[in-house]
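Work through the following exercises with the sequence and the model side by side, and try each task before reading its solution.

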Amino acid sequence: PPTATPLAITGGTVAGVSASNVLTNAGSISIVAQAAAIAPKITVVGSGSTNHTTFPVASASAHVGVGIQQNATAHATSTTTTVAVGGTSNFTYAGTANASNTLTNSGSITVGAMATATGANASALAGVGTGIAQNAHAGGGTTGSFGFASGGGPSDHASNTLTNSAAGVITVGAVANANGGSFARASATVGTGIDQNASAIAKSGVASASDTLTNDGTITIGATANATGNGTALFGTAIAGSAFATATVGVGIHQVASALATGFAAVTTTFIGIPIGTLAPATASASVSLTNTGTIAIGANAAAKAATAVAYATIGTGISQVAHARADTAANASASLNNAGLINVVAGAAATGTTIAHAFATVATGVYQSAFANAKSGAAVAGVSLTNAAGATIAVGATANASVAGHVGTQA
């Protein structure tokens, strides 16, 4: 009969690594960029017997790239284990990696940009790229055909947590004001108010990624643009000026969690009476959740006033939740929003002109939820849920008002 060679295992233990960021605020944090430009209105310049009219330019620009950014990255090291069963095989696996970001606020956090311009030709640009960003990534080392570790395989966990208490106030905003004698342009933009991104990759074992936002206080994310292009020329003659106002919010609150688990963890079994390392399920879990008992206001407001007045107010997505999980065996993905307070996603545009007025207000998506799970074998479960409690409000809307010489047009 065939003979078996006894099992021989050599190698180190599973290595582990953790990375974490913690920010706790009970006071006041203010990250604000401000710019102001002032130039004369329409001016008459004399040179000898010749006079001519000039239009001085005032241009102001204020920008904040990222207000608060938390980045946590953990990569587990690799360990090689040699298993000899009638020969020698090397199995490489990684240890546990934990990456986490935590922000707790019971005070006030303000991230803002404000630009003000006044002149014959006035231009004001104000922008915030991202108000608060949390990025957590956990990854394992290189694995071979499967991971091997007695007592279970390696795992990677990435998490972002933001908690705003009942007394907490978080404001992310951009404000642009342009006051021109003949021309005015005001543009205010917020790319993303709050961004949570968690990713976990385990080449064997368990991968889990989660984003959690809990608001019991007040969160305001907004862009406001005001442009006025009315002025006078020589002897007080009115000028038919132009005013353009644009207010844009890309995404109010953005949550993304992705988990990928490939390969296998390890368990101990027997083969013809000899204990050996074999394959065990690799699982992935991705979850995003937002719980609100306070107030979340996401808004874009644009106002233009001149002979020719144009106002644009746009919100791409108010709240976006995305969870993706992929694994060789079992995968679970979930996105949940629980509201017991007030959530407003509103765009408003107003244009007042004497000859031309155009107002455009758009909210592309109020609340977006997506969950995707894929497993090569075993169960793949994906689900989204939105719960609005009795007495709670989720309001999504867009209103545009345009008026010319007493004629008013409104669209909601």
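The exercises below go from the whole chain to single residues, and they rest on a predicted model.

**Exercise 1. The chain as a whole**

Find how many helices and strands the protein chain has, and what share of its residues is buried.

Solution. Begin with the secondary structure, which in the protein chain comes to zero helices and 26 strands. Next turn to burial: of the 412 residues in the protein chain, 45% are buried. Then consider the surface, where the chain exposes about 16,800 Å², with 56% of that area supplied by carbon and sulfur atoms. Finally look at the contacts between residues at least 6 apart in sequence, of which 81% join residues at least 24 apart.

**Exercise 2. The surroundings of N25**

Decide whether N25 is buried or exposed, and name the residue whose side chain it joins in a polar contact.

Solution. First locate N25 in strand β2, which covers residues 16-25. Its relative accessible area is 6%, and because buried means under 20%, N25 is buried. Leaving aside neighbours within four places in sequence, N25 is in contact with T104, N105, S106, G107, S108 and I109. Among these contacts is N105, and the side chains of N25 and N105 are joined by a polar contact of 2.8 Å.

**Exercise 3. A salt bridge**

Identify the two residues that meet in a salt bridge, and state where in the chain each one lies.

Solution. Recall that side chains of opposite charge can pair when their charged atoms come close. The count comes to one salt bridge, in which the side chains of K376 and D328 meet at 3.7 Å, N to O. This pair links distant parts of the chain, since K376 is in the loop between β23 (342-375) and β24 (380-388), whereas D328 is in the loop between β21 (295-327) and β22 (330-339), 48 residues apart. K376 counts as exposed at 70% relative accessibility, while D328 is buried, with a relative accessible area of 11%.

**Exercise 4. The surroundings of R185**

Describe where R185 lies, how accessible it is and which residue its side chain joins in a polar contact.

Solution. R185 belongs to strand β12, residues 169-202, and at 38% relative accessibility R185 counts as partly exposed. Beyond its neighbours within four places in sequence, R185 is in contact with A122, S123, A124, L125, A178 and F244. With one of these, S123, the side chain of R185 makes a polar contact of 3.1 Å. As a last step, compare sequence with space: R185 and V310 are 125 residues apart in sequence and 9.7 Å apart in space, C-alpha to C-alpha.

Notes: Residues are numbered from 1 along each chain as its sequence is written. This is a predicted model: local features need pLDDT of at least 70, side-chain atom pairs count only at pLDDT 80 or more; totals for chains, interfaces and linings use all residues. Side-chain values use heavy atoms; hydrogens and water are left out. Helices (H or I, at least four residues) and strands (E, at least two) are DSSP runs, numbered from the N terminus. Buried means under 20% relative accessible area, exposed over 50%, partly exposed in between (1.4 Å probe, protein chains only). A polar contact is a pair of N or O atoms within 3.5 Å; within protein, one must be able to donate a hydrogen and the other to accept it, and residues adjacent in sequence count only if both atoms are side-chain atoms. Contact means heavy atoms within 4.5 Å. Accessible areas come from the Shrake-Rupley method with a 1.4 Å probe; for residues, only the protein chains shown count as cover. A salt bridge is a side-chain nitrogen of Lys or Arg within 4 Å of a carboxyl oxygen of Asp or Glu.
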